[in-house]
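Colleague: Please take a close look at one part of this model, an open sheet and the loop that follows it. How are the strands arranged, and how far can the coordinates be read?

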Amino acid sequence: MKLATFISSVLAGACFLVPDHSWGGVDTKSGAGLTPASIRATSGALSDFNGDGMNDLVWQGANGFLAFYIMNGPATRFGLTPYTVEARWEIAGTADFNRDRKTDIVLMKTDGSVAFWLMDGTTITRGIVPYKVPAGWRIVGTGDFNADSQPDILLTHTDSSVAFWLMDGTTIQAGVVPFKVPAGWQIVAIGDFNGDAQSDLVFVNAEGLVAIWFMNGIKFADSVIPFRMPAGWQLIGAGDFNGDGNADLVIQTSNQFFAFWLLEKTRFKEAVGPYQLTIDPWKLVGPR
Ligand SMILES: [Ca+2]
Ligand SMILES: [Ca+2]
Ligand SMILES: [Ca+2]
Ligand SMILES: [Ca+2]
């Protein structure tokens, strides 16, 4: 399937927001001694919604609620749920697409529509729905795959094809479908795990093995299988949470606990947590 066919006509200004303030905060826990300056420099999804340079978590609930956990490193500072996402829409990634140093959100609808929320903090300043992808494709997340410091978008197809949209802001500059996901594996996260400022891909398989593909742009360069997930835990995301410039992992249990694995490149350093999520099944949608 040609990537050109990905780009189809415009759906005008979607209205899929319902303000909601019904849910309170989460426990405040202190964090200490962080050096967040390096987080912005790392490749991979940026998910900083309060502009302090530290990645925040974004969760989408089964009921459509969107929860921002504003983080102090790997500790939750507070949580807020400013919106519900309209049915059939899912948050697909977090990155600064319009280069105003504020993290934005990309969403996808079950019919393939792709939307961008341009954000000012946790406030949506503008929503656009520029594309529709054909059936079978879904957005995995964001990363910079051509070293131009602009976030790109990674997609996979049900036939295991992997596509990269190399972006200029919210405009697709080029689409490439260079390889397929190996049978039995799926891509679950994107981050820089070898410190070369190029976004790498994190795969898991049914046995819980975690593989990291070190990428050279959109090309596979090397791989390692550094971990197996502990029984009952799933790898749900990656991002630099302690400000050391190394991507860390976020893991979750089926009964709504989550934790961080702080890494130094692919070496496990420390587990932080677990923390318990409240209400309903929550899915981590940022950093992504
Ligand atoms: Ca932050
Ligand atoms: Ca932005
Ligand atoms: Ca890029
Ligand atoms: Ca890398």
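**The open sheet and the loop at A135**

Modeller: The sheet is open and has four strands, in the order 5-6-7-8, with antiparallel pairing. Its edges are strand 5, residues 89–95, and strand 8, each of which pairs on one side only. On average, neighbouring strands in this sheet are turned by 25° against each other, direction ignored.

At one end of that order, strand 7, which covers residues 113–120, is joined to strand 8 by seven bridges in the antiparallel sense. One residue pair can be named here: M119 has I124, in strand 8, as its bridge partner. In general, the strands of a sheet pair through backbone hydrogen bonds, either parallel or antiparallel.

Next comes the loop. Strand 8 spans 123–132 and strand 9 spans 137–143, with A135 in the loop between them. A135 counts as exposed because 9 other C-beta atoms lie within 10 Å, and the limit for exposed is 12 or fewer. The C-alpha atom of A135 is 6.5 Å from that of G112, although the two residues are 23 apart along the chain.

As for how far to read the coordinates, this is a predicted model. The protein has a mean pLDDT of 85, and 84% of its residues reach 70 or more. Over residues 1–43, however, the pLDDT is below 50, and this stretch still has 86 contacts in the model beyond near neighbours in sequence. Where pLDDT is low, the predicted coordinates should not be read in detail.

Methods
Residues are numbered from 1 along each chain as its sequence is written. Chains are lettered from A and ligands numbered from 1 in the order in which they are written. This is a predicted model: local features need pLDDT of at least 70, side-chain atom pairs count only at pLDDT 80 or more; totals for chains, interfaces and linings use all residues. pLDDT is the predictor's confidence in each residue, from 0 to 100. Two residues are in contact if their C-beta atoms, placed from the backbone, lie within 7 Å. Helices (H or I, at least four residues) and strands (E, at least two) are DSSP runs, numbered from the N terminus. A residue is buried if 20 or more other C-beta atoms lie within 10 Å of its own, exposed if 12 or fewer, and partly exposed in between; C-beta atoms are placed from the backbone. Two strands pair if DSSP finds at least two bridges between them. Axes are lines fitted to C-alpha atoms, for helices over the stretch in contact, and angles run from 0 to 180 degrees between N-to-C directions.
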